[in-house]
Amino acid sequence: MELLNSATPDPTTQPILAGIYRGADAANQDILLYTGWPSRPERSNGSDFLDGRVDGLLWLNPEPHSTALEKLTRANLPVVAILSRLVPDGVGYVDTENIAGMREIVAHVIAQGHRRIAYIGPAHSSNFVDRFTGYRLALSDAGIPLDTALTVHANEVRY
């Protein structure tokens with residue numbers, strides 16, 4: 001099995017990888033970590049995994065609706081996306097409750113009396129897309145209009 005991380009890692013990546021490795025070890029399976037080619041995104045189109053040497057793929061934080069994931073699925077390679085639910089049909093995924101979590105956080109901040117609440121996140125990450133949805137929903141629940149001056153969707157956010 002192979003792991004691929006094509007996007008900017010976030011603070012949850014290391015514990016997730018540790019859990020994957022523990023699970024693989026318990027199942028007596030080997031894992032190869034493949035970090036992709038961040039400086040050469042054309043290398044992460046999926047073709048590298050179709051030569052028969054890879055039995056399955058766990059792809060960490062793929063781009064939303066990744067065409068590479070679709071290509072791999074059409075080629076019958078088992079694929080599971082980690083930290084993304086915006087995947088093509090036929091691709092499994094494991095993700096956190098980003099919408100509900102952010103909605104609860106923003107509701108808590110509003111309950112503390114705050115009304116001008118900012119949001120910042122990368123536009124390319126499905127997790128941040130979902131978190132933005134939770135942010136908007138919590139504002140709406142409280143009758144607070146969305147102020148786009150308080151939102152930033154960066155092309156890339158470094159941790």
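Start by selecting Asp 147, which counts as partly exposed at 29% relative accessibility. Keep in mind as you go that this is a predicted model. Now add Arg 116 to the selection: the two side chains form a salt bridge, with their closest N and O atoms 3.4 Å apart. This pair links distant parts of the chain, since Arg 116 lies in the loop between H3 and E6 while Asp 147 lies in the loop between H4 and strand E7 (151–154), 31 residues away. Arg 116 itself counts as exposed, at 63% relative accessibility.

**Two further salt bridges**

The structure has five salt bridges in total, and two others deserve a stop. Select Arg 85 and Asp 130, whose side chains meet at 2.8 Å, N to O. Which parts of the chain does this pair tie together? Arg 85 belongs to the loop between strand E4 (79–82) and strand E5 (92–94) and Asp 130 to helix H4, so the contact joins parts 45 residues apart in sequence. Look at the surroundings of each partner: Asp 130 is buried, with a relative accessible area of 2%, whereas Arg 85 is partly exposed at 35%.

Next, pick Glu 70 and Arg 74. Their salt bridge has an N to O distance of 3.6 Å. Both residues sit in helix H2 (residues 67–74), four residues apart, about one turn of the helix. The general rule is handy here: an α-helix has 3.6 residues a turn, so residues three or four places apart point the same way. Arg 74 is exposed, at 62% relative accessibility, and Glu 70 is partly exposed, at 36%.

**Along helix H3**

Now colour residues 98–111, which make up helix H3. Its 14 residues should span 20 Å at 1.5 Å a residue, and the end C-alpha atoms are indeed 20 Å apart. Show the side chains of Asn 98, Met 102, Val 106 and Ile 110, the buried residues of H3. Turn the view to look down the axis of H3: these buried residues fall within an arc of 95°, so they line one face of the helix. What do they pack against? Their neighbours are strand E6 (119–122) and helix H4 (126–141). On the face turned away from the buried side, you will find the exposed residues Glu 104 and Ala 111. Just after H3, stop at Gly 113, which takes a positive phi of about 100°.

**An aromatic cluster**

For the next view, select Tyr 119, Phe 132 and Tyr 135, which form one aromatic cluster. A search of the whole structure finds three aromatic pairs. One of them is Tyr 119 with Phe 132, a tilted pair at 5.0 Å centre to centre with 55° between the planes. Here Tyr 119 comes from strand E6 and Phe 132 from helix H4, 13 residues apart. Are these two rings buried or exposed? Tyr 119 is buried, with a relative accessible area of 5%, and Phe 132 also counts as buried, at 13%.

Swing over to Tyr 135: the centres of its ring and that of Tyr 119 are 5.4 Å apart and the planes lie at 40°, so this pair is tilted. Tyr 135 belongs to helix H4, 16 residues from Tyr 119 in strand E6. Tyr 135 is buried, as is Tyr 119.

**Last stop**

Finish with Arg 131 and Phe 128. The charged end of Arg 131 sits over the ring of Phe 128, 4.8 Å from its centre.

Technical notes: Residues are numbered from 1 along each chain as its sequence is written. This is a predicted model: local features need pLDDT of at least 70, side-chain atom pairs count only at pLDDT 80 or more; totals for chains, interfaces and linings use all residues. Side-chain values use heavy atoms; hydrogens and water are left out. Helices (H or I, at least four residues) and strands (E, at least two) are DSSP runs, numbered from the N terminus. The expected span of a helix is 1.5 Å times one less than its number of residues. Buried means under 20% relative accessible area, exposed over 50%, partly exposed in between (1.4 Å probe, protein chains only). The arc is that of the directions from the helix axis to the C-beta atoms. Contact means heavy atoms within 4.5 Å. Rings of Phe, Tyr and Trp (its six-membered ring) pair if their centres lie within 6.5 Å; planes under 30 degrees apart count as stacked, over 60 as edge-to-face and the rest as tilted. A charge sits over a ring if NZ of Lys or CZ of Arg is within 6 Å of the ring centre and within 35 degrees of the ring normal. A salt bridge is a side-chain nitrogen of Lys or Arg within 4 Å of a carboxyl oxygen of Asp or Glu.
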